[in-house]
Each structure stands twice: as C-alpha cells, then as structure tokens.
Amino acid sequence: MPRNAQPSVALSGRAACASVLLLGFGVARAAGGDFGSPPPAAEGDANAPSKTCLASLRERGVDFVEWPTKGVRTPVRLVGSNLGPLRLVILERKPGGVMPVMDCELGRALLDAAGVFQMAGVRDLFFSGIYEYRPRRHSKKLSEHAHGLAIDVHQLGTADGRVFDVERDFEAGVGDWATRDQVACVGAPARAEGRTLRELACALRMSSAFREIITADDNSDHDNHVHIEAFPDPLARTKAILSHHEPTNDD
C-alpha cells in the first residue's frame, strides 16, 4: 500500500461552512431487505427500523442488505465496499470476510459528508471497526459502536493510491480543537500531510452530519485512529444543530 507524501488540499472556511448544509434526508418508500427483516414494529415505535433511512440509501444507489443485529436500530450490511463516492476498506481483512454491520444512519451520515472527504482528495476509509457490542472504555455505558453508529478510521486513501496514516500523519495540539473556527482549529501543522488531516478532521467536526469526531486532540486512545460517529436519527441531529450542543467523548 503506497504511503507517499502528497500535497495538502486546503478546505476553505467557506467549504467547511458548506459542509454543515449536507443533510440529504430521503423520503421515498423503503424496499424490503434480503436475509429476512425483523417483524414490523408498532406504528410510532421509536425503536423500529427507519424506513426513511433505508429508502434514502437505496435512492442513492447503495447496495446493501438488512441484517437484524442486537443493539442496532436499523442494521445494514454493505454488499461490497462502495458507499456512494466513498469506499470502506477493512484493515487486515481476512479472505472471505464480509463487511460489518452498521446502523443505516451511519451510512447516511457518511454519504452526507462525502463532499467534505472529496475536497480533501479522500475516497477510501480504512477502518478497524464499526459494530462491536461493548461498553465505552472506563465506563459501564454502551459505546456507540454497540449501536453501529461509529466507525474507527486509521487511514484515508486517495483515488490514485496515496494514503494518509492517522498515527503517522495527524498532528495533535497544533490548533484549537475546541473552536468552531476552521482556521483556528487547523492551526499550524508542520507537514503537508498533517495539514490535510487536520483540515479534514476540523471540517468533519463542524459538519452537521456527525455527532462526534474524536482525535488525538481529545485523548491518547485515538493516537492511531479517528472516531467518526453519527446521530441516531434526524431528530437528534436537528436538535443538536439548533442547540449547538457540544459532544461528549465516546469510543
């Protein structure tokens, strides 16, 4: 896998602000899943699979099957690795391995933010995990991985095969991670690779698509990956936008 350095692709303040508008909610009729879907839930059941989210993925050409899974409200499994213009690639994938389950809302959030990744020249997300039914570290509360709403990304690849490695290239502490200002968030990385990753991470953090973006700026548990976490539903996303709610660390 190539690991050559490459020039930074700057994300302007205007581009970062534009990413906040990437909502893209589908409203069409949901199609039935393969491998058997759970029985229909009662009307108005907040825990029922989201037909709207499933319809949104199908309208956007995502190939997936529904896959009932403990703890996940609207569980889907990608057929292949394509998620719109993005590709999800499992690190150290074993022969015959299949894509892990995710909540449909994580897939939709990644699609909504695809333009942010593309502005940084990124197509491939190399990840170690999505669904894992477990608590957060140092806590009894379930991690959002247990709900299929989070993905841990270790490397980001370009269409021409170049790779940004989070452990090697992300420069922590060189900007103000807590700010909502793109320029101050990026700060002053020493290397082009570090600037590109900080520009991307800051733009993702300011996007309305995600509830949490956790990096090495948050804690040492994330020295080698970026934790990207979706909202559980559009209502939670809308409430966060209106309240400007700051996320709490999860893993």
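**Exercise 1.** How much space lies in the largest cavity?

*Solution.* Start with the ground rules: this is a predicted model, with local features needing pLDDT of at least 70, side-chain atom pairs counting only at pLDDT 80 or more, and totals for chains, interfaces and linings using all residues. Residues are numbered from 1 along each chain as its sequence is written, and side-chain values use heavy atoms, with hydrogens and water left out.

Next, run the search: one cavity of 30 Å³ or more turns up in the whole structure. Here a cavity is a set of points on a 1 Å grid over the protein atoms alone where a 1.4 Å probe fits but cannot get out, and lining residues have an atom within 4 Å of a point. The largest cavity holds about 70 Å³, a volume being the space filled by probe spheres set on the points.

**Exercise 2.** Find which element gives the most to that lining.

*Solution.* Strand E7 (150-158), helix H7 (192-206) and strand E10 (226-230) each supply at least two residues; helices (H or I, at least four residues) and strands (E, at least two) are DSSP runs, numbered from the N terminus. H7 comes out on top, with four residues.

**Exercise 3.** Take the salt bridge between Arg60 and Asp112, and work out which partner is buried.

*Solution.* A salt bridge puts a side-chain nitrogen of Lys or Arg within 4 Å of a carboxyl oxygen of Asp or Glu. For Arg60 and Asp112, the closest N and O atoms are 2.8 Å apart. The two sit 52 residues apart in the chain. Now apply the cut-offs: buried is under 20% relative accessible area, exposed over 50%, partly exposed in between (1.4 Å probe, protein chains only). Asp112 has 4%, so Asp112 is buried; Arg60 has 32%, so Arg60 is partly exposed.

Conventions. On a 1 Å grid over the protein atoms alone, a cavity is a set of points where a 1.4 Å probe fits but cannot get out, and a pocket is an open set with protein on both sides within 12 Å along at least five of seven lines; lining residues have an atom within 4 Å of a point.
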